[in-house]
Amino acid sequence: MNTSDTLVRLSKAGIYKDKKWLVRDVDLEINRGKIVTLIGPNGSGKTTTAKIALGLYKSISGNVERNTQNISYVPQKVSIDWTLPVRVIDFMVLTQNLKQDDISEALDLTGVKHLKRSNLRDLSGGEFQRVLLARAIAKKPDLLVLDEPVQGVDFTGEVALYSLIKEISEKLNCGILLISHDLHVVMSATDYVVCLNGHVCCCGTPKDVAQSKHYKELFGEKSAELLSIYEHNHDHVHSSDGNIIKEIK
Amino acid sequence: MLDDFLVRAIIAGIGIALVTGPLGCFVVWRRLSFFGDTLAHSALLGVLLSISLNINVSLTIFVVSSLVALILLRLEKSTNLAGDSLLGLISHSSLAIGLVILGFLSFIRFDVLGVLFGDILSVNTNDLLFIWIGGGLILAVLFYIWKPLFASTVNYELAEAEGMNPERVNAIFTILLAALIAISIKMIGVLLITGLLIIPTAMARNLSNNPKQMVVLSIIGGLLSVFIGLYASFEINTASGPSIVVVALILFILSLIRIGKKNYEK
């Protein structure tokens with residue numbers, strides 16, 4: 001293990017592209033055994049931030065420090081070209097060599113062991129998502145980056161998969177960067193929450209966030225109106241592209 | 001035995017089919033068939049340069065095609081043109097430049113049809129050596145980069161995030177394509193090499209449900225095309241390249257019957 005428990009550290013990281021900041025000034029730290037969750041509206045830079053952490057951009061502003069090479073990634077969208085005949089079992093060993101037992105174990109954990117020999121093209125959206133997650137955990141990574149890992153998974157499955165993610169972070173002592181829209185789960189299973197809207201809007205432990213007045217505004221009685229979740233009352237106001245346009249005292 | 005041109009052609013054909021199988025799979029998976037065409041067209045330029053400068057043909061083709069491949073990779077990044085427009089631009093420009101040079105070389109007796117469609121009669125023992133050593137090298141490199149190349153074919157960002165270097169293996173792969181074209185031009189010809197790359201692979205796609213199976217089947221398809229094509233070319237006196245590709249097409253059509261059945265059963 002590294003002397004430091006910090007797997008990835010972003011300092012003032014951002015991307016400026018086509019005369020526009022996709023995301024800017026993100027400070028973020030992912031530690032072993034901890035789950036960090038990114039929340040925020042569409043286009044707020046969640047996926048971009050995850051990709052910065054993964055080192056997928058060539059030119060970024062700010063600084064990224066990565067202390068591990070053993071990384072697993074579940075992208076937001078994976079489309080398998082129809083020209084490519086790939087079975088689940090082939091996909092599991094895409095970037096890694098695995099024993100048959102490890103493959104079966106990982107598929108069993110995400111509940112898709114019976115699909116081991118199926119073709120990826122024949123899976124449903126939820127099944128495919130379970131396979132993506134199984135592939136990522138089978139590698140026993142130090143850092144796991146999950147971009148909306150349970151999209152399309154049925155409700156009971158969703159709960160089970162989130163508790164599996166929690167379990168994995170403890171069992172493997174790995175750091176997890178999670179992007180999720182499912183705020184209730186986020187609040188119960190996460191160690192640290194970062195709310196993005198082109199920059200870091202607010203962050204802290206779920207408890208801190210939950211006790212803050214922002215959280216009550218977010219998850220109070222009006223939480224049924226899900227859209228209002230993102231209309232926080234912070235100390236500043238955003239323009240539509242996420243720039244800060246007004247400070248409120 | 002190597003004195004017999006048919007035996008030489010068959011040995012050459014086996015060597016080429018062993019390489020076109022796996023490379024063809026990646027060409028199909030990555031949707032690079034037009035890219036292969038462009039490299040092949042630039043091979044005509046290579047042939048003519050080699051004649052006018054009097055240097056080895058295969059080597060010149062390899063250098064010219066590799067250069068074209070690298071220029072293409074470069075241009076794709078630095079212009080706003082779509083990939084297919086760029087390919088058309090390079091493909092036809094290199095063909096045109098080649099033909100203009102050909103005009104200057106009128107004093108040399110030169111078999112254009114042979115370059116365009118392949119000529120088994122012209123395959124000598126030297127070429128055999130080039131095909132088998134070159135082909136062996138191509139397969140060795142492909143085997144070495146197989147995992148990262150396949151991973152980045154399935155998902156570029158996933159491969160990169162998990163520590164592979166997709167950009168580098170992509171560049172290596174295009175060089176391998178250029179090398180294949182260099183060793184196979186004499187046999188198949190500039191216009192038809194992409195056919196041998198993708199038609200047996202397309203057949204294999206119809207019959208396979210995993211990547212390894214597809215590679216093996218496309219090698220078998222390529223070998224069958226070469227054997228039957230060369231035999232037909234010998235017996236009924238047709239050009240070797242087109243005969244091989246026509247056989248490949250027939251195999252592809254046969255594979256459709258199987259797929260039709262599968263769909264019906266569903």
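This briefing describes the fold of chain A and its contact with chain B. The structure is a predicted model, and the secondary structure of chain A comprises eight helices and 11 strands. Of the 249 residues in chain A, 41% count as buried, and among the contacts with a separation of 6 or more, 66% join residues that are 24 or more positions apart.

**The six-stranded sheet of chain A**

- Six strands of chain A make up an open sheet with mixed pairing, and their order across the sheet is β5-β6-β7-β3-β8-β9.
- The edges are held by β5 (71-74) and β9 (200-204) of chain A, and because each of these has a single partner strand, one side of each is left without a neighbour in the sheet.
- On average, and with direction ignored, neighbouring strands of this sheet are turned by 15 degrees against each other.
- At the β9 edge, strand β8 (residues 192-196) of chain A pairs with β9(A) in the antiparallel sense over four bridges, and within this part of the chain A:Leu196 has A:Val200 in β9(A) as its bridge partner.
- At the β5 edge, helix α4 (residues 125-138) of chain A lies across β5 and β6 (143-147) of chain A, and the helix runs at about 175 degrees to β5(A).

**The three-stranded sheet of chain A**

- A sheet of three strands in chain A is likewise open, with the order β2-β1-β4 and antiparallel pairing.
- Its edge strands are β2 (20-31) and β4 (61-66) of chain A, each of which pairs on one side only.
- For this sheet, too, the average turn between neighbouring strands is 15 degrees, direction ignored.
- Strand β1 (residues 6-17) of chain A runs antiparallel to β4(A) and is joined to that strand by five bridges, while A:Gly14 stands opposite A:Ser61 in β4(A).
- Helix α1 (residues 46-54) of chain A packs on this sheet, where it touches β1, β2 and β4 of chain A, and the direction of the helix makes about 120 degrees with that of β1(A).

**The contact between chains A and B**

- Chain A and chain B each bring 19 residues to the contact.
- On the side of chain A that touches chain B, β5(A) gives the most, with three residues; this strand is also one of the edge strands of the six-stranded sheet.
- By residue class, the side of chain A that touches chain B divides into 11 nonpolar, five polar and three charged residues.

Note on methods
Residues are numbered from 1 along each chain as its sequence is written. Chains are lettered from A and ligands numbered from 1 in the order in which they are written. This is a predicted model: local features need pLDDT of at least 70, side-chain atom pairs count only at pLDDT 80 or more; totals for chains, interfaces and linings use all residues. Two strands pair if DSSP finds at least two bridges between them. Helices (H or I, at least four residues) and strands (E, at least two) are DSSP runs, numbered from the N terminus. Axes are lines fitted to C-alpha atoms, for helices over the stretch in contact, and angles run from 0 to 180 degrees between N-to-C directions. Two residues are in contact if their C-beta atoms, placed from the backbone, lie within 7 Å. A residue is buried if 20 or more other C-beta atoms lie within 10 Å of its own, exposed if 12 or fewer, and partly exposed in between; C-beta atoms are placed from the backbone. Ala, Val, Leu, Ile, Met, Phe, Trp, Tyr, Cys and Pro count as nonpolar, Asp, Glu, Lys and Arg as charged, and the others, Gly among them, as polar.
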